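Good morning, everyone, and thank you for making time for this. I would like to take you through one structure, so please have a look at it before I go on.

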Amino acid sequence: MVFYVKQGRLPESRHTYDDRNNLRLEELFGEESFDGAFSLLYHLHEPTRVKKFTSQSIEKEKITDEPYSHRHLKTSELGRKGTIIDGKHTILSNQRVRVQILKPERNTSDFYRNALNDMLLFVHNGSGKLVSTMGELEFAQKDYIYIPKGLTFRLENSLDSYFLIFQSKDDITLPGRYLNLYGQIKEGSPYYARDIRVPVLKKPADETGSYLVYVEFEDYFVVEERDYNPLDVEGWDGYLYPFAISTEKMAPIVGKIHMPPPVHETFSSKSMMVGTFLPRKFDFHPRSVPISYYHNNIDVDEFLFYSSGNFMSRKGIEPGSATLHVRGIIHGPQPGAIEGAIGKEGTDEVAVMIETYDHLLLTETGKKIEDPDYSMSWYQ
Ligand SMILES: [Fe+2]
């Protein structure tokens with residue numbers, strides 16, 4: 001993503017062969033046509049070889065966004081379902097971004113590919129590995145996992161796994177202001193290149209059989225049936241690949257007085273910014289108010305997922321809670337929260353935020369887990 005990675009065996013030069021009798025088949029996997037980040041993959045078999053195409057419709061999530069208000073959704077109430085292919089609960093969405101919860105009930109040997117969206121997973125609970133054409137990437141609780149659109153993969157996850165997922169039509173990247181002229185993550189950023197884990201390529205699978213790849217579009221899957229194992233890559237190099245980063249490795253920025261959410265920014269796209277609130281010391285001004293002031297986000301909707309710790313500015317919040325604070329209506333600490341926070345030394349909270357530039361609409365699934373009294377929780 002920001003640094004060059006090389007794995008396995010590669011021809012000496014791109015677009016050439018080393019041994020005419022032992023050709024490796026090169027695939028360019030890239031964003032923005034041929035201008036964006038890309039990697040070159042070398043397959044044993046033709047990646048275009050598909051025995052059969054079928055399609056399956058996906059039931060479209062219905063929107064039920066009225067009345068317009070701040071919301072509290074209890075995602076712990078959502079049930080276990082399916083796999084990464086068919087088990088994602090969409091709780092909020094707009095034209096560019098989907099917010100989902102995945103609590104898989106099983107593992108599958110079938111593969112998945114998202115045709116339209118980059119995916120960012122936050123591991124609220126569980127562990128496992130992402131197995132893709134680019135290798136194996138292990139993950140654990142409190143990791144982020146970035147998955148570029150177009151990657152063929154499957155998840156092998158523990159059965160207590162619980163993921164928060166953001167899908168974005170716009171590329172999810174590291175914030176540009178964290179990068180220097182050379183693309184290196186700068187000093188002063190909340191994480192460093194060394195913290196980013198990349199997949200480890202294993203020996204290529206040179207196997208025949210029946211392999212299904214579910215390619216997700218807006219409201220249907222194209223299902224590819226392949227007769228060679230898709231994990232047949234002998235080597236790859238480049239800048240586009242899945243990666244993971246542990247939030248426990250991140251170093252939150254603190255100040256003399258309360259720092260606003262942008263200092264906790266972790267990733268960004270044209271349609272949203274992603275931030276992470278982590279355990280940290282509070283401000284060192286002797287009279288600081290250590291929690292946020294009232295704020296009126298006139299250009300963004302603010303989504304927050306509470307993963308662990310004590311959430312000081314909110315009452316009635318539990319691990320797995322998600323709040324949505326919408327534009328146009330002011331929000332901030334609930335009554336008594338400021339008084340309760342003064343004098344506190346720090347917080348142990350872990351929470352994931354996105355700010356979206358278009359309004360996030362509530363889905364029917366989101367409605368089912370909504371705390372209906374939340375918008376009145378400031379009136380006491
Ligand atoms: Fe807020």
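The domain assignment for this protein, which we are viewing as a predicted model, gives domain 1 as residues 49-61 together with 80-231 and 240-246, and domain 2 as residues 250-371. If we take the centres over C-alpha atoms, domain 1 and domain 2 are separated by 26 Å.

How many residues does each domain bring to the contact? Domain 1 gives 27 residues, while domain 2 gives 31.

Let me stay with the side of domain 1 that touches domain 2, where the elements giving two or more residues are β6, at 88-93, β7, at 97-102, β9, at 118-125, and β14, at 162-168. Of these, β6 provides the largest share, with 5 residues. When we sort the residues on that side of domain 1 by character, we find 13 nonpolar, 8 polar and 6 charged.

Now I turn to a sheet. Four strands form an open sheet, in the order β1-β17-β3-β2, and their pairing is antiparallel. At the edges lie β1, residues 5-8, and β2, residues 25-30, each of which pairs on one side only. Neighbouring strands of this sheet are turned against each other by 15 degrees on average, if we ignore direction.

As a general reminder, strands of a sheet pair through backbone hydrogen bonds, and they do so either parallel or antiparallel. Here, β2 and β3, the latter being residues 38-43, run antiparallel and are joined by 6 bridges. Which residue of β3 is the bridge partner of Glu27? That partner is Leu41.

Technical notes
Residues are numbered from 1 along each chain as its sequence is written. This is a predicted model: local features need pLDDT of at least 70, side-chain atom pairs count only at pLDDT 80 or more; totals for chains, interfaces and linings use all residues. Domain bounds come from an automatic or database domain assignment. Two residues are in contact if their C-beta atoms, placed from the backbone, lie within 7 Å. Ala, Val, Leu, Ile, Met, Phe, Trp, Tyr, Cys and Pro count as nonpolar, Asp, Glu, Lys and Arg as charged, and the others, Gly among them, as polar. Two strands pair if DSSP finds at least two bridges between them. Axes are lines fitted to C-alpha atoms, for helices over the stretch in contact, and angles run from 0 to 180 degrees between N-to-C directions.
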